[in-house]
Amino acid sequence: MPNIATYFTSPDVRESKLIARLEIGMIIGGLAGMAFLLPHALFWGDGGWRFVYLSDLLTKGELSDKKYSLIGPLFSAPLWLLGKIYQSPEWWCEKYNTAVFALGLFIFYRMLRDHVSRRLLRRFFLLLTFASMFTNHLLFYWSEVFTAVLVGIGTVCLVAKRRGWTAIVLGVANAPAALPAMMLLTAQRIWDTRRLRLVLAFAAAVAVVLLEAWIRRGDPFESGYGDDRGPRTIMPFSGQPGLSYPIFFGLLSLLLSFGKGLLFFAPGLFLPVRRRLAALPGRAATDLTALYRMWIAFVVGLVLLYSTYWSWSGSTFYGPRYLLFASLPACLALAVRLHRQDPSILANTITVLALVLSLWVGLNGAVFGDAPARDVCLTPTGAYFEAPLCYYTPEFSALWVPFIHAQAVTPGQCAYLLYGLAVAVYLMTPPLVALTTQLLTRAQVLAKGFRDDRARAQFSKAPDLVPPLSEVLAGQSTEGRPRFGPDEQ
C-alpha cells in the first residue's frame with residue numbers, strides 16, 4: 001500500500017500508461033453516464049425558455065426580445081438541427097451542456113499537456129467530472145455551463161500563448177452579469193503581462209452585450225430584466241428588484257450558508273495553494289499560477305456582483321447556481337494539493353476532508369440534485385418559498401437532505417452512483433494511505449520518544465550504588481550502604 005500511495009502522491013514518479021488509460025476511461029465513462037444514464041430536464045426554469053426562444057428562431061424566424069441571452073443557445077443550433085434527422089431537438093439539446101463540458105476538457109488538455117504534468121491534468125479532470133457542481137448543471141439547458149467553460153477555455157489559451165479573448169468575450173456576453181468579473185480578470189491579466197491594450201477585450205465584451213440588446217430589444221441599454229423581482233417571503237429583503245440585496249448578508253450567504261455557501265459546495269476554493277503551485281517544475285508553475293490568479297479574480301467579481309442580486313441564491317437550484325465557475329479554481333487547487341503532498345499532517349488532513357466533501361457535492365448533484373430540497377422547501381400551495389429552510393438550515397440543505405428524506409432513484413441513477421463511488425474510492429485511496437502512513441510514522445516517533453524520556457527519567461532517579469572514592473579509601477560507606485570489613489579494605 002505505501003507503494004501505491006507513493007505513486008499517486010509523488011510528482012516525480014514516472015508515468016504509467018495503464019494508470020493513464022484507466023483514468024481517461026473513468027473520465028469518458030463519467031461523461032457518457034451523465035449524458036445517457038441520468039435524467040435530464042430541458043423545460044425547467046430559464047433553460048426551458050432559452051430552448052423555446054431558439055426553437056422559435058429556427059422554425060419561425062422570430063427573435064425573442066425577452067431577458068435571457070441567446071448567445072449560448074445559438075451554439076446548440078447544430079444539435080437542434082440534428083434532432084430533425086435523428087431523435088428530436090429536445091433529445092439532443094438536453095445533452096448540449098455535457099458536450100460543451102467535454103469539449104472544454106479536451107481543449108484544456110490540448111493546451112496544457114506539453115508543459116503541465118499529465119497526471120495532474122487527469123486528476124483535475126476527474127475532480128471536475130465527479131467532484132464539482134458541474135455534475136448537476138450538466139443535466140439542464142441553463143446558461144452557466146457555457147459561460148464557465150468558455151471563460152475557462154479562453155484563459156487556458158492565454159497562458160498557453162494562444163488567442164483566447166474571443167472565447168472569454170462570448171462566455172461573458174452569454175451572462176452579462178459576469179462583466180464585473182471579466183473586468184477583474186482583465187485587470188489581473190494586465191498586471192501579469194503589463195499590457196494595457198488588453199482593456200480592449202473588456203470593451204469588446206461590453207460591445208457584444210449592447211449589440212445583442214440593440215438587435216433583440218431595439219435599445220442597447222435595455223437588458224430585458226426591468227422590474228424583475230422574486231416573490232415576497234419571510235426573508236426581510238425579498239420582493240425587491242435588481243441589485244437590492246445588502247452585500248454584507250449576500251457575502252455571508254454565498255460563502256458560508258449551508259445550502260448555498262461556496263465553503264460547502266466548492267471547498268477546494270478555500271485551500272491555500274500558491275506555494276505548491278510555485279513548486280511545480282518548469283513552465284507549469286508559471287502557467288498554472290497565472291491561470292489560478294485569473295480564475296480567482298473572475299470568481300471574486302461574480303461573488304461581489306451576485307451578493308447584491310435579489311436572487312443571489314439562484315432559488316432552489318443546486319448550490320450557488322451563478323457561481324459554477326468557482327468549481328474550476330476549486331478543483332485545480334485540490335488537484336495540486338493531491339499532486340504534491342505536504343509534510344504537515346494537519347494540511348493533508350484538511351485536503352482529504354475537502355476531497356471527501358467535494359466528491360459528495362459531485363455525486364449528490366448528479367443523482368439527487370436539489371429535488372429533495374425542492375419538495376421540502378416549497379409549500380404545497382402558492383408560490384411561497386420557505387427560503388431560509390433550504391438556504392441556511394443544514395437539515396434542509398441539498399447536500400444533506402437526501403440522508404433525511406428518502407428519494408426514489410432510477411436504475412440509471414443507481415448505476416451512475418455505483419460508478420461514481422468506485423471513482424471516489426480510486427481518488428480517495430492514495431491520499432488516505434499516505435495520511436495513514438504519516439500518522440503511523442508520527443505515532444511510532446512519539447512512542448519511541450516517550451520510551452526514551454521514561455528511560456532517562458528512571459535513570460536520573462536511580463540510587464547511587466557506587467560509593468565515593470574518598471569513602472572507599474577511608475574504609476567508610478554512605479548511609480544505607482554496607483560498611484567494608486578489614487579484609488575487604
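**Note on the nonpolar patch, core and confidence of a predicted model**

1. Helix H14 is the largest contributor to the nonpolar surface patch, giving five residues; helices here are DSSP runs of H or I with at least four residues, numbered from the N terminus. The model is predicted, so local features need pLDDT of at least 70 and side-chain atom pairs count only at pLDDT 80 or more, while totals for chains, interfaces and linings use all residues. Residues are numbered from 1 along each chain, and side-chain values use heavy atoms, without hydrogens and water.

2. The patch covers about 830 Å² and is made by Leu184, Ile247, Phe248, Phe249, Leu252, Leu256, Leu263, Phe270, Val300 and Leu304. Two or more of its residues come from each of helix H14 (247–256) and helix H17 (283–306). Patch residues have over 30% relative accessible area (Shrake-Rupley method, 1.4 Å probe) and no salt bridge (Lys or Arg side-chain nitrogen within 4 Å of an Asp or Glu carboxyl oxygen); nonpolar side chains are joined within 5 Å.

3. Phenylalanine 249 lies in helix H14. Phenylalanine 249 counts as partly exposed because its relative accessibility is 39%, between the limits for buried (under 20%) and exposed (over 50%).

4. The largest nonpolar core (buried nonpolar residues joined through side-chain atoms within 4.5 Å) has 135 residues, with Phe124, Leu127 and Phe298 among those having the most contacts inside it. H17 gives the most to this core, with 15 residues.

5. The chain has a mean pLDDT (the predictor's confidence in each residue, from 0 to 100) of 87, and 87% of its residues reach 70 or more. Over residues 477–489 the pLDDT is below 50. Where pLDDT is low, predicted coordinates should not be read in detail.

Conventions. Patch = residues over 30% accessible without salt bridge, like charges linked within 9 Å, V, L, I, M, F, W, Y side chains within 5 Å. Buried < 20%, exposed > 50% of the residue type's maximum accessible area, 1.4 Å probe, protein only. Contact = heavy atoms within 4.5 Å.
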